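The following exercises are to be worked through with the sequence and the structure at hand. Each task is followed by a solution in steps.

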Amino acid sequence: GSDAHLCISSWTHTSKVLSSDPDGNVCMTENRLGYWEKWQVQKAPNGDGVLIQSVAHGRVLSIQNGILHTTTKIKQPSNAAKWHLEAAHQHTCYLTCPLHNRQVASNKTDAMTTRHRKHW
């Protein structure tokens with residue numbers, strides 16, 4: 001539905017989910033039921049990908065200088081805030097930012113971006 005919220009978890013570290021704070025910092029946490037860990041996916045303007053928006057803070061997931069963060073530039077989101085979801089396995093997707101050709105990845109504590117689809 002239009003108000004569906006989801007958690008974004010790591011494929012390899014399944015107990016870890018993507019979280020954001022009010023200042024735009026993004027990290028991994030085990031607080032799966034937390035409000036800062038809820039996201040909403042919506043079509044980007046022009047239908048060119050999707051925006052991934054923090055439910056708690058209204059900020060959209062973006063990349064700046066290779067670093068994952070959230071931004072308030074929602075009305076006219078830059079291409080750095082547009083994502084493609086690519087099916088990987090069942091309910092698992094790669095999150096790719098076409099502008100930077102980078103995917104979202106994680107280790108046990110940090111959310112990061114990478115150009116390589118390794119075991120992350």
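**Exercise 1.** Identify the bridge partner of Gln42 in β4, and describe how β3 and β4 pair.

*Solution.* The model is a predicted one. Within β4, Leu51 is the bridge partner of Gln42. Next, consider the strands as wholes: β3, covering residues 39–43, pairs with β4 in the antiparallel sense, over 5 bridges. Finally, turn to the connection: the hairpin of β3 and β4 has 6 residues between the strands, and Asn46 in this hairpin takes a positive phi near 75°.

**Exercise 2.** Locate Asn65 and determine whether Asn65 is buried or exposed.

*Solution.* Asn65 lies in the loop between β5 and β6 (67–71). Its phi is near 55°, a positive value in a residue other than glycine. The relative accessible area of Asn65 is 72%; exposed means over 50%, so Asn65 is exposed.

**Exercise 3.** State how many residues the largest nonpolar core has, and which strands each supply at least two of them.

*Solution.* The largest nonpolar core has 14 residues. Those with the most contacts inside this core are Leu18, Ile52, Leu61, Leu68 and Trp83. At least two core residues come from each of β2 (26–29), β4 (50–54), β5 (60–64) and β8 (92–97). As a general background, nonpolar side chains in soluble globular proteins tend to be buried together.

**Exercise 4.** Classify Cys7 and Cys27 by accessibility, and report how many disulfides the structure has.

*Solution.* Partly exposed covers values between 20% and 50%. Cys7, at 26% relative accessibility, is therefore partly exposed. Cys27, with a relative accessible area of 34%, is also partly exposed. A search of the whole structure finds 0 disulfides.

Terms used
Residues are numbered from 1 along each chain as its sequence is written. This is a predicted model: local features need pLDDT of at least 70, side-chain atom pairs count only at pLDDT 80 or more; totals for chains, interfaces and linings use all residues. Side-chain values use heavy atoms; hydrogens and water are left out. A nonpolar core is a set of buried Ala, Val, Leu, Ile, Met, Phe, Trp, Tyr and Cys residues joined through side-chain atoms within 4.5 Å. Buried means under 20% relative accessible area, exposed over 50%, partly exposed in between (1.4 Å probe, protein chains only). Helices (H or I, at least four residues) and strands (E, at least two) are DSSP runs, numbered from the N terminus. A disulfide is a pair of cysteine sulfur atoms within 2.5 Å. Two strands pair if DSSP finds at least two bridges between them.
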